[in-house]
Amino acid sequence: MGEHPPQRAPREGHAPAEEAVQLSLLHGFSPPAAPVGKSQPAPELPIARVLLDSPLPHLDRPFDYLVPAELSDAAAPGVRVKVRFGGQELAGFLIERLASTDTTARLVNLGKVVSPVPVLSPEVLGLAQSVAARYAGSVHDVLRVAVPPRVARVEKEFAGRVPGAGAGTGSPEKPADRSGTSEAVPEPTQSEQNPFRRYAHGPRFLSHLAAGHSPRAVLSSLRGYGPDAWPREIAAAVEATVLSGRGAVVVVPDQKDLARVMDALQERVPADTAVRLTGEDGPTPRYRSFLQLLYGDASVAVGTRSAAYAPVANLGLVCIWDDADDLHAEQRAPYQHARDVLLLRAEAAGAGMLVASHTRSTEAQRLIESGWAAALDAERALVRASTARVMSTADTFNLERDPLAARARIPHAAWKAAQDGLKRGPVLVQVARTGFSPALSCQDCREPARCRQCQGPLAQSGRNSPPACRWCARPEPRWHCPHCGSFRLRASTAGAGRTAEELGRAFPSVTVVSSAGDHIRAEVPDAPALVVATPGAEPVAPSGYAAALLLDGTAMLSRQSLRAQEETLRRWLTAAALVRPASDGGVVVVTADDTATVGHLLRWDPAGAAERELALRRELGLPPAVRYAELTGSRDGLDSFVSRLGLPESARIVGPAPVEEPPAHGSGETTPRWRTLCFFPYGDANVITPAMRSAKAALSARRTGDPVYIRVDATDGL
């Protein structure tokens with residue numbers, strides 16, 4: 001390794017990391033006659049290029065080490081190694097073997113090979129580098145998600161085998177992509193087993209996959225239960241890909257969806273073709289599934305957001321379900337989104353892509369309007385025949401019959417729908433929040449109740465529980481209002497617990513099932529029952545719900561978020577897709593003010609909603625019509641950081657503005673921070689994001705100035 005001060009900052013316009021030349025205090029002098037250490041170098045390709053496992057941005061580049069002869073066979077590209085750096089031993093990945101080095105520095109011997117398994121494939125390394133460049137982050141942070149932790153005893157199960165030489169279903173050679181040729185694609189049969197038969201161009205999409213092509217589509221799924229449910233649609237796309245001799249990657253938001261997709265795949269692909277890949281299963285099962293994919297024993301990876309990096313050979317399809325779900329966004333730097341990771345991977349591998357959901361995100365709409373993907377939608381007549389009847393309690397007809405419907409949380413029309421639905425089966429009740437009373441306010445002046453210690457919001461976990469702070473968990477049994485002096489509290493909002501309790505009193509002979517928070521149910525029987533669930537936690541009824549009540553709609557639409565309307569419609573359609581069609585008596589009642597979003601739900605028009613929302617974003621210059629970066633830090637640090645970027649005129653800076661973040665648990669203090677937003681066109685991203693990345697590395701190397709945290713295209717930043 002070249003001996004050079006680790007705090008040295010890269011110059012503006014520095015070469016890419018893979019081309020960087022290591023600086024040395026001995027630069028200009030003749031190279032040493034022999035390397036440090038007593039071991040002889042490897043006779044062939046004696047130089048190992050290592051990517052260090054370090055969170056420091058200025059160390060996010062490869063370093064050269066000398067390979068001792070005794071480690072030559074084990075030191076293969078992709079293996080885990082340990083090396084000496086800066087007086088300490090660091091882990092890393094060996095990414096390349098070279099015949100010579102371009103540095104005149106004295107090289108240090110490679111420490112040891114931790115494992116002979118090449119867990120980092122060139123494809124995944126290239127993907128990690130692309131993700132880090134797009135999100136102005138470091139490759140180390142991406143690889144922390146992409147490659148699971150090592151489990152030594154699992155590696156013993158694969159000892160003596162060569163990666164990629166397994167007995168998977170994928171053929172060793174990738175079929176040629178004929179998507180740009182005039183070769184005819186056979187028309188598919190209109191089988192009842194083909195769930196894509198309901199969508200225009202849907203059967204042809206499967207035919208292209210089976211023929212070895214790489215189509216890209218955005219699917220607006222209609223059904224959330226039964227034989228035509230969305231997991232069967234994804235399984236059909238994966239089956240067509242496997243029949244072409246290729247592999248597939250499927251990314252879903254949570255464990256409930258993962259289990260449903262795996263069950264659907266068991267009916268369509270051979271046994272052991274698909275494996276689960278999620279951290280929730282624990283280190284051992286996750287690493288075993290990872291190695292099964294690496295060694296070719298399986299060709300289909302299904303998992304949560306980290307599965308986007310699965311080492312699937314001969315990749316033919318990447319698929320993401322419900323891409324607008326915030327669970328797809330990584331919560332650690334560089335905060336990448338699984339949808340963008342799959343987009344980058346599909347482009348690099350020449351694979352097909354399927355973005356499926358009951359609704360349509362504005363990002364997916366942009367892919368359609370740009371021509372990158374095609375839309376798979378059902379005809380309007382089929383939509384009306386396949387979906388439930390949707391009614392709003394805020395329309396003119398219901399308000400004339402019940403003038404107080406606008407004030408009631410559960411209006412008369414909703415009660416009536418629940419009573420009628422319970423005669424035919426279970427009834428779903430969707431509420432916005434978990435808990436009993438997640439927000440409290442003064443009974444007399446209606447001011448929000450705040451903690452005296454940290455000013456966080458007060459909540460009540462049960463009817464007889466004392467109010468407590470949601471930030472620092474400090475109880476407030478003797479709270480009094482600082483504005484009017486009242487000691488009385490009222491619930492500003494009702495959570496799932498309180499709703500279930502109230503419904504249990506109103507329907508004493510009916511079973512009430514709760515699915516929220518840490519107690520999420522995957523399925524409920526078809527027997528009559530009231531199922532109270534928060535968005536995303538709705539259980540599935542095998543034959544569908546008889547009715548659904550969508551409560552707290554106005555509160556969800558009134559959230560201070562750019563995506564409030566888009567997110568609310570997504571939650572509504574996800575719940576409504578679990579209800580039986582109108583021909584079977586299925587009805588959905590939404591309790592919200594009469595807005596454009598309610599209109600899209602009444603018409604079941606996710607495509608129109610996405611098109612309208614994207615047009616408004618373009619007019620206002622907001623994401624995803626443009627890209628943006630959220631910079632957080634001290635005010636002086638932000639001013640200094642922005643001044644170093646040299647932004648083009650097309651970039652728009654908003655801020656800095658103060659941001660009050662919730663304190664750490666038990667600290668009782670708020671952290672004064674500032675935030676600056678930088679909006680820029682897609683065409684300038686290849687200039688602006690590298691500049692942010694370089695500026696962050698320079699500050700890290702010099703150890704001067706306040707740190708600045710970067711989040712690019714954050715889904716919850718606006």
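How much area does the protein expose, and what share of it do carbon and sulfur atoms supply? The answer is about 31600 Å², with carbon and sulfur atoms supplying 51%; the areas come from the Shrake-Rupley method with a 1.4 Å probe, and for residues only the protein chains shown count as cover. Before going further, keep in mind that this is a predicted model, in which local features need pLDDT of at least 70 and side-chain atom pairs count only at pLDDT 80 or more, while totals for chains, interfaces and linings use all residues. Residues are numbered from 1 along each chain as its sequence is written, and side-chain values use heavy atoms, with hydrogens and water left out.

Let's start with the overall picture. The protein has 19 helices and 26 strands; these are DSSP runs numbered from the N terminus, with helices being H or I of at least four residues and strands being E of at least two. Of its 718 residues, 52% count as buried, where buried means under 20% relative accessible area, exposed means over 50%, and partly exposed is in between (1.4 Å probe, protein chains only). Among contacts with a separation of 6 or more, 74% come from residues 24 or more positions apart, a contact being heavy atoms within 4.5 Å.

Now for the inside. The largest nonpolar core has 73 residues, and those with the most contacts inside it are Leu291, Tyr309, Met353, Phe641 and Met692. A nonpolar core here is a set of buried Ala, Val, Leu, Ile, Met, Phe, Trp, Tyr and Cys residues joined through side-chain atoms within 4.5 Å. Helix 1 (residues 122-134) gives the most to this core, namely 6 residues. Another core lies apart from it, with 66 residues, among them Leu219, Val252, Ala356 and Val513.

Strand 11 (residues 352-357) is a good one to look at next, with 6 of its 6 residues buried. In a regular strand, side chains alternate between the two faces of the sheet. On one side of strand 11 sit Gly352, Leu354 and Ala356, on the other Met353, Val355 and Ser357, and all are buried. Met353 is one of the residues with the most contacts inside the largest core, whereas Ala356 belongs to the core of 66 residues. As for partners, strand 6 (residues 216-220) pairs with strand 11 in the parallel sense over 5 bridges, and strands count as paired if DSSP finds at least two bridges between them. Leucine 354 is the bridge partner of alanine 217. Strand 10 also runs parallel to strand 11, joined to it by 5 bridges, with leucine 317 bridging to glycine 352.

Phe641 takes us to helix 18 (residues 635-645), where Gly637, Leu638, Phe641 and Leu645 are buried. These buried residues line one face of the helix, because they fall within an arc of 95° seen down its axis; the arc is that of the directions from the helix axis to the C-beta atoms. On the other side of helix 18, Asp636 and Ser643 are exposed. Setting aside neighbours within four places in sequence, phenylalanine 641 is in contact with Leu631, Met692, Ala695, Lys696, Leu699, Val708 and Ile710. Right after helix 18 comes glycine 646, with a positive phi near 60°.

Helix 19 (residues 685-702) holds serine 700, which counts as buried because its relative accessibility is 16%. Its C-alpha atom is 6.3 Å from that of proline 57, although the two are 643 residues apart along the chain. Not counting residues up to four places away in sequence, serine 700 touches Leu56, Pro57 and His58. The side chains of serine 700 and histidine 58 make a polar contact of 2.8 Å. That term stands for a pair of N or O atoms within 3.5 Å; within protein, one must be able to donate a hydrogen and the other to accept it, and residues adjacent in sequence count only if both atoms are side-chain atoms.

Finally, some backbone oddities. Most residues other than glycine have a negative phi, and most peptide bonds are trans. Still, a cis peptide bond joins alanine 333 and proline 334, with omega about 5°, and another joins proline 623 and proline 624, with omega about 0°. Proline 334 is in the loop between strand 10 (315-321) and helix 8 (338-349). Alanine 136 has a positive phi of about 55°, and at 4% relative accessibility alanine 136 counts as buried.
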